[in-house]
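Reader: I am new to reading protein models, and I would like a close look at one part of this one, taken slowly. Please start from a single place and follow the contacts outward from there.

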Amino acid sequence: IQHYTQAVDDFKTVLSLEPHYKFSYDAYISFGFSAFNLKNYDEALTQFNYAIEKNPLKATAYDGLGCTQFEKANYNEAALNLRKAVSIEPNNEIMLTNLGNALYQITEFSEAQRCFEKAIKINPINQHALNGMGICSYQNNDYKGSVEWLENALKINTTNKDINLNLAVSR
């Protein structure tokens, strides 16, 4: 339902009542994503770090931390944490796509492309990974390949402004 403000309040209540709850790391992760969706990135960072402190093997906590750092334009830190997420869950197409996006921002195009390729193998209709392949192909001077990847992404979502813009640039 996406009542993130209420969710943040609820998580604060739960964690204040039982701060040592066995599965508190899941509450911290959910709290972090609620704060993230409210664009309260500092709160999100705090909650994802708490989750990692409680359970350093939760890939979703590293993914949330990396996505938050990405939104704050801390791309190197984002890539570092997204690499940790992917090392824990190597076949998670969303985490692979998130890592590819961070790597693209720090101009590691070949590694980004490998992440997008793997995400597409897992889910061939992942529009974000297809878009990523398109922009990486463009950066690698493969303009024809770029257009093909982006046209495939556009077949999945014709209204995505990023895909449309990237396709226009690639042509």
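Author: What follows begins with one helix and its neighbours, and then moves along the chain from there.

Before turning to details, please keep in mind that this is a predicted model, and that every value below was computed from its atoms. The chain has 10 helices and zero strands, so that, by the rule used to name such elements, its pattern along the sequence reads α-α-α-α-α-α-α-α-α-α. Of its 171 residues, 47% count as buried, and the chain exposes about 9400 Å², of which carbon and sulfur atoms supply 51%. If we consider contacts between residues at least 6 apart in sequence, 45% of them join residues at least 24 apart.

The part I have chosen is where helices α2, α3 and α4 meet, and a useful place to begin is glycine 32, which sits in helix α2, residues 24-37. Is glycine 32 buried or exposed? Its relative accessibility is 0%, and because anything under 20% counts as buried, glycine 32 is buried. Leaving aside residues up to four places away in sequence, glycine 32 touches Ala44, Gln47 and Phe48. These three residues fall within the range of helix α3, which runs over residues 41-54. A further residue of that range, tyrosine 50, is 18 residues from glycine 32 in sequence, and the two C-alpha atoms are 9.4 Å apart in space.

The residue that follows glycine 32 in the numbering brings us to the aromatic side chains. A search of the whole structure finds six aromatic pairs. In one of them, the rings of phenylalanine 33 and phenylalanine 48 have their centres 4.9 Å apart and their planes at 70 degrees, and because an angle over 60 degrees is classed as edge-to-face, this pair is edge-to-face. The pair links distant parts of the chain, since phenylalanine 33 belongs to helix α2 and phenylalanine 48 to helix α3, 15 residues apart. The two partners do not share one class of exposure: phenylalanine 33 is partly exposed, with a relative accessible area of 28%, whereas phenylalanine 48 is buried at 0%.

Phenylalanine 48 also leads us on to helix α4, because it is among the residues that threonine 68 touches under the contact limit of 4.5 Å. Threonine 68 lies in helix α4 and is buried, with a relative accessible area of 0%. Apart from residues up to four places away in sequence, threonine 68 touches Phe36, Tyr41, Ala44, Leu45 and Phe48. Ala44 and Phe48 are therefore touched by threonine 68 and also appear on the list for glycine 32. The side chain of threonine 68 reaches the backbone oxygen of glycine 64 at 2.7 Å.

Between α2 and α3 lies a loop, and lysine 39 is placed in it. Most residues other than glycine have a negative phi. Lysine 39, however, has a positive phi of about 65 degrees although it is not a glycine, and with a relative accessible area of 60% this lysine is exposed.

From helix α4 we can go one step further. Two packed helices are described by the angle between their axes and the distance between the axes. For helix α4, residues 59-71, and helix α6, residues 93-105, the axes come within 11 Å and cross at roughly 35 degrees. The crossing of α4 and α6 is left-handed. On the α4 side the contact is made by Ala59, Thr60, Asp63, Cys67 and Phe70, and on the α6 side by Met95, Asn98, Asn101, Ala102 and Gln105.

Helix α6, in turn, leads to asparagine 126, which lies in the loop between α7 and α8. At 7% relative accessibility, asparagine 126 counts as buried. Its contacts, without residues up to four places away in sequence, are Glu93, Thr97 and Ala119. With threonine 97 there is a polar contact of 3.1 Å between the two side chains, and the side chain of asparagine 126 also reaches the backbone nitrogen of alanine 129 at 2.8 Å.

Definitions and conventions:
Residues are numbered from 1 along each chain as its sequence is written. This is a predicted model: local features need pLDDT of at least 70, side-chain atom pairs count only at pLDDT 80 or more; totals for chains, interfaces and linings use all residues. Side-chain values use heavy atoms; hydrogens and water are left out. Helices (H or I, at least four residues) and strands (E, at least two) are DSSP runs, numbered from the N terminus. Buried means under 20% relative accessible area, exposed over 50%, partly exposed in between (1.4 Å probe, protein chains only). A polar contact is a pair of N or O atoms within 3.5 Å; within protein, one must be able to donate a hydrogen and the other to accept it, and residues adjacent in sequence count only if both atoms are side-chain atoms. Accessible areas come from the Shrake-Rupley method with a 1.4 Å probe; for residues, only the protein chains shown count as cover. Rings of Phe, Tyr and Trp (its six-membered ring) pair if their centres lie within 6.5 Å; planes under 30 degrees apart count as stacked, over 60 as edge-to-face and the rest as tilted. Axes are lines fitted to C-alpha atoms, for helices over the stretch in contact, and angles run from 0 to 180 degrees between N-to-C directions. A crossing is left-handed if the near helix is turned anticlockwise from the far one by less than a right angle, and right-handed if clockwise.
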